[in-house]
Amino acid sequence: MPPMAASQPEPETAERGVIRAVTWNCHGSIGADRRCDPERTLATIARLGPDILALQEVDGRSHLGRRQRAFETLGQELLKTAGSQIVEARTVPREDRDYGHLLWSRWPIVSATIHALPEPGVEPRAAIEAVIAAPSGHLRVLAFHLGLLRRQRRAQAQFLAERVDARDVPTLAMGDGNDLRLGGALHGALAPRLPVHTAPRSFPARWPMLRLDRIYASEGFSLVTHGPGHASRPASDHLAVTADLAWPERV
């Protein structure tokens, strides 16, 4: 049975003006048992029940133990939810073995841009910027996967912050920041602009200690529920981070 089939109803959260945002580094679909299992990844996403999903380490590099055509395998099933759309950032393109991250939305994506992030290092980094036609209005989303080095993260976080500054619509920023401290470069750049946030301990999944995975939202949003998605524990080396966000009240 497709894990996110078109017949699946929208989550109850949408009816209450609440958006369920999920960010998850799925580790190339390799779980705690060291098996690459995209079907398990999809089943886990279905249990998490996102309206908007930022998914990192979509990885088709078969020479590293992943399955080829990871974007195609995951995308084909995710798009079985009626009306949903995907934006892909294939940062390491190879024939049938692309690597990168994606943004999935239950609702139409009005516009999307892939930004190459500064200080790419050995592995290019990118951010997805999209405007989504959510039931309560347009929503800007920045989905990211930042670099491993501090100088990379500092420049990349500042780039994301500048994208927030230039916008006047409700905004989410979500992804794997690779920042070891909550008070690091990413939080310092985004929290003043997107003050509603959740950053639970998400890595390593078995004994979470580090707050690598974050969701930030503009002022006016309120966190209804948030925290690590424990259903993701067997399926990756990161826990997913989930946030049910109540839409800002209209003035």
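Two strands are taken to pair if DSSP finds at least two bridges between them. On this basis, the predicted model was examined sheet by sheet.

One open sheet contains 6 strands. Their order is S5-S6-S7-S8-S10-S9, and the pairing is mixed. Strand S5 (109-116) and strand S9 (196-198) form the edges, each pairing on one side only. Neighbouring strands of this sheet are turned by 15° against each other on average, with direction ignored. Within the sheet, S6 and S7 run antiparallel and are joined over 8 bridges. Ile-128 takes part in this pairing, and its bridge partner in S7 is Ala-143. Helix H4 (residues 150-165) packs on the sheet. The helix touches S5, S6, S7 and S8. The direction of H4 makes about 175° with that of S7.

Another open sheet is also built from 6 strands, in the order S3-S4-S2-S1-S12-S11. Here too the pairing is mixed. The edge strands are S3 and strand S11 (222-229), and each pairs on one side only. From one strand to the next, the twist averages 15°. S11 and S12 are antiparallel and share 7 bridges. Gly-227 has Thr-242 as its bridge partner in S12. Helix H2 (residues 38-48) lies across S1, S2, S11 and S12. H2 runs at about 150° to S1.

The nonpolar interior was then considered. The largest nonpolar core holds 27 residues. Those touching the most other members are Ile-52, Leu-139, Val-141, Leu-172, Met-174, Phe-221 and Leu-245. Several elements give two or more residues to this core. They are strand S1 (18-25), strand S2 (52-59), strand S3 (85-92), strand S6 (126-134), strand S7 (137-145), strand S8 (171-176), strand S10 (213-217) and strand S12 (240-246). S6 supplies the largest share, 5 residues.

Leu-139 illustrates the packing in detail. Residues up to four places away in sequence are not counted here. Leu-139 touches Ile-19, Ile-52, Ala-130, Val-131, Ile-132, Pro-170, Thr-171, Leu-172, Phe-221 and Trp-247. Among these contacts, Ile-52, Leu-172 and Phe-221 are also listed with the core residues that touch the most other members. A second core is separate and comprises 17 residues. Its members include Trp-24, Ile-45, Val-58 and Ala-70.

Notes. Residues numbered from 1 in each chain as written. Predicted model: local features only at pLDDT ≥ 70, side-chain atom pairs only at ≥ 80, totals over all residues. Heavy atoms only, no water. Core = buried A, V, L, I, M, F, W, Y, C linked by side-chain atoms within 4.5 Å. Buried < 20%, exposed > 50% of the residue type's maximum accessible area, 1.4 Å probe, protein only. Helix = DSSP H or I, 4+ residues; strand = E, 2+ residues; numbered from the N terminus. Contact = heavy atoms within 4.5 Å. Axes fitted to C-alpha atoms, helices over the stretch in contact; angles between N-to-C directions.
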